[in-house]
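Biologist: I have a model open and want to learn how to read it. Where should we begin?

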Amino acid sequence: MPRNIFENAALEGAIFKNESYLYPEFVPERLPHREAQIDALVYCFSPIAKGAKPHNVFVHGKTGTGKTVTVKYVMNELQEHTDRAKALYINCFEFSSRSSVLSEVANFIGAVVPRRGLSTDEIYSKLLESARRLQFTPIIILDEADQLSVQGKEDASKLLYDLLRIIEYEKIRFGIALISNSGEFLAKLDARVRSSLAEERIEFEPYSPIQLKEILRERAEFAFLPNALENEVINVAAAHAAKLGGDCRIAIESLWKAGRIAEKEGAGKLTLKHLRSAFELIESSPGRKPANFLSGTEKAMLKIILQEKQLNSGELFRKYNESAGEKLSERRLREVATGLEKKQIISSEGINLPERGRTRRISLKISRRELAEKLGK
Ligand SMILES: Nc1ncnc2c1ncn2[C@@H]1O[C@H](COP(=O)(O)OP(=O)(O)O)[C@@H](O)[C@H]1O
Ligand SMILES: [Mg+2]
């Protein structure tokens, strides 16, 4: 009997035991070199298990230092340990306006909020109503919190006040974790918000080459078949990521991509050659350039594009001037957009709008996640 064609594919030149251990969103069971941060987070949220008030926390550090994965890991453990805590993870690249964040929170705690038709204040009152009846302590994780101000500073500070009010005035038990790529975010907050929503502060330092090596070795052990890696592969991948600022995401992504290249070749072993091809692939992928590659204007424009599924150039320019501190001429804005197109981050195509004539429809050329990470730098 002929074997199933997929069986062949699974056997020949297999490298991975379980590729999913290298996925960006995977939460491993151990996080080497994050013991101190884990302890600090446990200190903040363990009061919930004893029926007491949590300490709200501000988590900061560069991209790829393990902030997201560590907070998720601790939340998983906490929810396993006690029914009294339930965590809601919000990525502020996706939800950056006051109304979208409040809707998420309201739905999470069981308030019935229709998708349309309610004002933000109405959403907030529904949220409060449900919050007063809660049988558990919600922990709201606002990851990439720096993105909150994208919709305008006022909107962001209103949202933080909404959260402050729940905790300080309504005396409802809510846990808050703000995660940011920069420590400056905290300095920008009003003193009252800071003392209530960021009672504790936890810093994530970039990993050293040796730490990256150990982390990679552990992840690789689960992801790859025994003896699938040539000797120096882990060391070289760690050194490469260390050179690029101690970013663990790059380290893991290189291993994963290298594994795929090796498997596609049917090589049976992941060698340094595959790893180097992976480095090149990652570097040359659209939009992946050195961190300082984007100007402030370009970043501000991309943040607006990230908020929308699709928009045309007129809308983009209007939104830019509404949200930016400094207004720019249409000609200048067009130049910025053209620059982004040249860098292969966005693409645009000419379309006809009924009654309004020709315009350009702007869309993203890289994944939203990739852009989010890029802007996070
Ligand atoms: N100590 C660690 N052990 C294992 N994997 C880690 C560790 N720190 C980070 N990672 C992995 O590195 C990648 C980047 O981590 P992430 O939490 O997204 O960083 P940040 O949120 O700080 O940008 C993720 O794939 C994550 O699983
Ligand atoms: Mg993160």
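Modeller: This is a predicted model. Begin with the ligand. Around ligand 1 there are 21 residues, and G66, K67, T68, V69 and C248 come nearest. Helices α3 (67–81), α9 (209–223) and α11 (248–265) are the elements that each give two or more residues to this shell.

Biologist: How many residues of each class are in the shell around ligand 1?

Modeller: The shell has 10 nonpolar, seven polar and four charged residues.

Biologist: Which domains does the shell draw on?

Modeller: Domain 1 (5–20 + 208–284) and domain 2 (35–204) each supply at least three residues to the shell around ligand 1. The chain also has a domain 3, covering 291–376.

Biologist: How far apart are the C-alpha centres of domain 1 and domain 2?

Modeller: They lie 35 Å apart. Five residues from domain 1 and five from domain 2 make the contact. On the domain 1 side, two are nonpolar, one is polar and two are charged.

Biologist: Now the cores. What is the general idea?

Modeller: In soluble globular proteins, nonpolar side chains tend to be buried together. Here the largest nonpolar core has 65 residues, and V59, I141, A177 and L178 have the most contacts inside it. Helix α6 (residues 153–168) gives the largest share, six residues.

Biologist: Why does this core lie between domain 2 and domain 3?

Modeller: Both domains give residues to the core, so it lies between them.

Biologist: Which residues does L178 touch, leaving aside neighbours within four places in sequence?

Modeller: L178 is in contact with F58, V59, L142, A145, L197 and A198. Another core, of 29 residues, lies apart from the largest one; F224, L229, V233 and I234 are among its members.

Note on methods:
Residues numbered from 1 in each chain as written. Chains lettered and ligands numbered in written order. Predicted model: local features only at pLDDT ≥ 70, side-chain atom pairs only at ≥ 80, totals over all residues. Domains from an automatic or database assignment. Contact = placed C-beta atoms within 7 Å. Nonpolar A, V, L, I, M, F, W, Y, C, P; charged D, E, K, R; others polar. Core = buried A, V, L, I, M, F, W, Y, C linked by C-beta atoms within 7 Å. Buried ≥ 20, exposed ≤ 12 C-beta atoms within 10 Å, placed from the backbone. Helix = DSSP H or I, 4+ residues; strand = E, 2+ residues; numbered from the N terminus. Near = placed C-beta within 6 Å.
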